[in-house]
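Thanks for asking me to look this over. My notes follow as numbered points, in the order in which I would go through them with you.

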Amino acid sequence: MATAIALSTLYRIGDIADPPTVEKMRCQVRSDGLVLFDGAHGIEAMLDVAGQMMYITAHPDSDDRGVTTIVELGPAANLPNAGGFSRRELMPHTDRSGVPDPPGLMMLTCAVQARVGGASRFTDGLAVHDHLAAACPASLPALSRARSALFGGAADHLGAVFTPVAGPGPARVAIRLRLDDLVSFSPDVAEWAPQLTASINRHTFTVTLLPGQGVLLGNHRWLHARDTFEGPRQLYRLLGNPLPSLGMYPGIPVEADSDRLKQTVK
């Protein structure tokens, strides 16, 4: 069961119109991989802050600035891979799972809040990995095996839920996931799907973004999802890779100490 949480508490840093807040954003996304913020009133404000964090990359649905406007598209939302443009629930996922090299960062801001529903859900992949390592370590070899999951969409990618990535310090992995009709797991991975899903639910919290509020997250670490909704709803999304000056490395450090692992199963 996801935990409800006020935007004014965990991970919130303040108004991005305040220059010190932007520096705090840089530090927090580097350390925690997730930042919730205020002050994103309009696309230009979003682009200004994003330009200090990432190289913006294009998406098939974005405009020439890299901005994807996420609204409900009616019948067109029933097409494969168009769930984001529907009113339906979106299951936990990382963005662009079907391409070889998904972007490292995702920024999302709210322009119009839904009349009912539409809350966002976030899950820390580091907490999920640590929990699985402590509670059912036999799952990790299957979830990390190359070519064990087919992530569908416009460009299919055959990979794994957890993939080793280069970086300093402890061993690091990137998480890649979707749990809808456009993923196929090998039998040994499918065997662990219930434990994976249970761990995701255990480490998920829910936030309702209001107009002008947004999130910046590490797409190699954090999963995000969405509740069903009613009424008009509009958000803007940017994808990109961290600027070198951000000092942010891909993935998550997974050689956790034993005390931290014990905490995940209490």
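1. Let me start with the pairing of β10 and β11. Strand β10 (residues 149-151) runs antiparallel to β11, and three bridges join the two. One pair to click on is Phe151 with His157, its bridge partner in β11. Please keep in mind throughout that this is a predicted model.

2. These two strands belong to an open, antiparallel sheet of three strands, in the order β11-β10-β14. The edge positions go to β11 (157-159) and β14 (183-185); each has a single partner strand, so one side of each lacks a neighbour in the sheet. On average, neighbouring strands here are turned by 15° against each other, with direction ignored.

3. Another open sheet of three strands deserves a look, with antiparallel pairing and the order β12-β13-β20. Which strands stand at its edges? They are β12 (162-165) and β20 (252-253), and because each has a single partner strand, one side of each is left without a neighbour in the sheet. Between β13 (residues 172-175) and β20 the antiparallel pairing rests on two bridges, and Val173 is found opposite Ile252 of β20.

4. Now to β16, which I would show in any figure of the interior. This strand (residues 214-218) is mostly covered, with five of its five residues buried. Gly214, Leu216 and Gly218 point one way, while Val215 and Leu217 point the other way, and all are buried. If you colour the strand by side, that alternation is what to display.

5. What does β16 pair with? Strand β3 (residues 34-38) pairs with β16 in the antiparallel sense over four bridges, and there Leu34 has Leu217 as its bridge partner. Strand β7 (residues 105-112) also pairs with β16 in the antiparallel sense, over five bridges; in that pairing Leu108 stands opposite Val215.

6. On to the packing. The largest nonpolar core contains 23 residues, and Met25, Phe37, Met53, Met107 and Leu216 are those with the most contacts inside it. At least two residues of this core come from each of α1 (19-31), β3, α2 (43-50), β7 and β19 (234-242). The largest share is that of α2, with five residues. There is also a second, separate core of 19 residues, including Leu126, Leu143, Val173 and Trp192. Val173, named above for its place opposite Ile252 in β20, is thus a residue to follow from sheet to core.

7. Met107 is a good residue on which to centre the view of the largest core, being among those with the most contacts inside it. Leaving out neighbours within four places in sequence, Met107 is in contact with Phe37, Met46, Val49, Ala50, Met54, Val215, Leu216, Tyr236, Arg237 and Leu238. Two of these, Phe37 and Leu216, are also listed among the residues with the most contacts in the core.

8. A few single residues are worth a check. Asp124 lies in strand β9 (residues 120-124). Is Asp124 buried or exposed? Its relative accessible area is 12%, so Asp124 counts as buried, the limit being under 20%. Beyond its neighbours within four places in sequence, Asp124 is in contact with His203, Arg221 and Trp222.

9. Ala133 sits in helix α3 (residues 125-135). With a relative accessible area of 22%, Ala133 is partly exposed. Ala133 and Pro170 are separated by 37 residues in sequence, and their C-alpha atoms are 15 Å apart in space.

10. For the cysteines, a search of the whole structure finds zero disulfides. Cys27 is partly exposed at 34% relative accessibility, whereas Cys110 is buried at 4%.

11. Last, confidence. The average pLDDT of the protein is 90, and 91% of the residues score at least 70. Over residues 1-8 the pLDDT stays under 50, and the model has 17 contacts for them beyond four places in sequence. Residues 257-262 also have a pLDDT below 50, with seven contacts beyond near neighbours in sequence. Where pLDDT is low, the predicted coordinates should not be read in detail.

Methods:
Residues are numbered from 1 along each chain as its sequence is written. This is a predicted model: local features need pLDDT of at least 70, side-chain atom pairs count only at pLDDT 80 or more; totals for chains, interfaces and linings use all residues. Side-chain values use heavy atoms; hydrogens and water are left out. Buried means under 20% relative accessible area, exposed over 50%, partly exposed in between (1.4 Å probe, protein chains only). Contact means heavy atoms within 4.5 Å. A disulfide is a pair of cysteine sulfur atoms within 2.5 Å. Two strands pair if DSSP finds at least two bridges between them. A nonpolar core is a set of buried Ala, Val, Leu, Ile, Met, Phe, Trp, Tyr and Cys residues joined through side-chain atoms within 4.5 Å. pLDDT is the predictor's confidence in each residue, from 0 to 100. Axes are lines fitted to C-alpha atoms, for helices over the stretch in contact, and angles run from 0 to 180 degrees between N-to-C directions.
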